[in-house]
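Here are my notes on the model, set out as numbered points. Please read them with the coordinates open.

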Amino acid sequence: MEAISNRRSIRKYLDKPVPKEMVEAILQAGMLAPSSKNRQPWRFIVVSGEAKAEMLAAMEQGFAQEKETPMLPSVAPYLESARHTKEIMAAAPVTIFILNTEDGSLHQPLTLEERVSEICNTQSIGAAIENMTLTATELGLGSLWICDTFFAYDALLRWLGGKGQLTAALAVGYAAESPVTRPRKSFSELVQWRS
């Protein structure tokens with residue numbers, strides 16, 4: 001409960017490397033998450049050091065493509081926000097990309113069975129990412145769960161090797177900020193009891 005209460009979305013990082021052992025502990029926590037039918041549908045790609053420049057170039061290429069021929073036309077106004085997320089990723093010492101290895105291309109139509117499987121796999125990956133953010137908090141690190149990668153989806157996926165679905169990214173590093181707790185909806189708004 002302490003890690004859950006203390007976890008924050010960190011957008012400013014110190015220029016301080018994260019020890020490999022800490023990154024491995026975060027990854028191990030993700031791998032211990034529950035998964036539907038024990039499929040463990042995740043794969044993790046850790047980016048740091050000189051590889052960050054390639055990652056950022058792939059994102060910029062994706063942003064240019066998204067501006068020209070949007071995959072997500074209804075959310076085009078958020079492209080600038082995604083550019084800000086790219087700057088956060090540039091500052092974070094480590095970015096972990098999380099891929100769904102069980103499902104096909106994001107661009108392919110799905111049967112009902114495939115859609116249900118994809119939903120189950122996405123829930124499993126969400127559990128893995130939550131484990132990772134909480135472990136980062138427990139280790140004294142900050143993290144940011146990133147979905148803005150969808151604005152550069154195809155370019156990033158190609159750069160990452162082209163297999164699976166790019167589900168999210170997780171920026172990790174030593175926090176250079178201490179955000180206050182953001183407002184949460186009340187218990188009565190979110191919980192319904194039936195007995």
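1. A term first, since it is needed below: a helix crossing is right-handed if the near helix is turned clockwise from the far one by less than a right angle, and left-handed if the turn is anticlockwise. The model under discussion is predicted.

2. Helix α2 crosses helix α5 in the right-handed sense. The two axes come within 7 Å of one another, at a crossing angle of roughly 145°. From α2 the contact takes in A25, I26, L27, A29 and G30, and from α5 it takes in A128, N131, M132, T135 and A136. Sorted by class, the residues of this contact are 7 nonpolar and 3 polar, with no charged residues.

3. The geometry of α2 itself is regular in length. The helix runs over residues 20-31, and its 12 residues should span 16 Å at 1.5 Å a residue; the end C-alpha atoms are 16 Å apart, so the expected and computed spans agree.

4. Which residues of α2 are buried? They are M22, V23, I26, L27, A29 and G30. These residues lie on the same side of α2 because they cover an arc of only 155° around the axis. The face turned away from that buried side carries K20 and E21, both exposed.

5. The cover over the buried residues of α2 is made up of several elements, including β1 (42-48), β2 (94-100), α5 (112-138) and β4 (165-173). Helix α5 is thus named both in this cover and in the crossing of point 2.

6. One residue of the α5 side can be looked at singly. A128, in helix α5, has a relative accessible area of 0% and therefore counts as buried, the cut-off being under 20%. Apart from neighbours within four places in sequence, A128 is in contact with G30, A33 and W42. G30 is also one of the α2 residues in the contact with α5. The C-alpha atoms of A128 and R184 are separated by 23 Å, with their positions 56 residues apart along the chain.

7. Helix α3 (residues 51-68) has 18 residues, and the distance from its first C-alpha to its last is 26 Å, close to the expected 26 Å. Its buried residues are K52, M55, L56, A58, M59, G62, F63 and E66. They share one side of α3, since the arc they cover around the axis is only 155°. A53 and E68 are exposed on the face turned away from the buried side. Note that the buried set includes K52 and E66.

8. Among the elements covering the buried residues of α3 are β1, α4 (79-91), β2 and α6. The packing of α3 against α6 (residues 153-160) has an angle of about 145°, and the axes are 7 Å apart. This crossing is right-handed. On the α3 side the residues that meet α6 are A51, E54, M55, A58, M59, Q61, G62 and Q65; on the α6 side they are D154, A155, L156, R158 and W159. By class this contact has 7 nonpolar, 3 polar and 3 charged residues.

9. Two buried strand residues are worth inspecting. L166, in strand β4, has 1% relative accessibility and so counts as buried. Residues up to four places away aside, L166 touches F97, I98, L99, T149, F150, Y153, L156, L157 and L160. S143, in strand β3 (residues 142-146), is buried as well, at a relative accessible area of 2%. Beyond its neighbours within four places in sequence, S143 contacts R8, S9, I10, Y13, T133, A136, L170, A171 and V172.

10. Finally, the backbone in the loop between α2 and β1. N38 lies in this loop and has a phi near 55°, positive although the residue is not glycine. Q40 lies there too, and its phi is near 45°, again a positive value in a residue other than glycine. Most residues other than glycine have a negative phi. N38 is exposed, at a relative accessible area of 55%, whereas Q40 is partly exposed, at 37%.

Notes:
Residues are numbered from 1 along each chain as its sequence is written. This is a predicted model: local features need pLDDT of at least 70, side-chain atom pairs count only at pLDDT 80 or more; totals for chains, interfaces and linings use all residues. Side-chain values use heavy atoms; hydrogens and water are left out. Helices (H or I, at least four residues) and strands (E, at least two) are DSSP runs, numbered from the N terminus. The expected span of a helix is 1.5 Å times one less than its number of residues. Buried means under 20% relative accessible area, exposed over 50%, partly exposed in between (1.4 Å probe, protein chains only). The arc is that of the directions from the helix axis to the C-beta atoms. Contact means heavy atoms within 4.5 Å. Axes are lines fitted to C-alpha atoms, for helices over the stretch in contact, and angles run from 0 to 180 degrees between N-to-C directions. Ala, Val, Leu, Ile, Met, Phe, Trp, Tyr, Cys and Pro count as nonpolar, Asp, Glu, Lys and Arg as charged, and the others, Gly among them, as polar.
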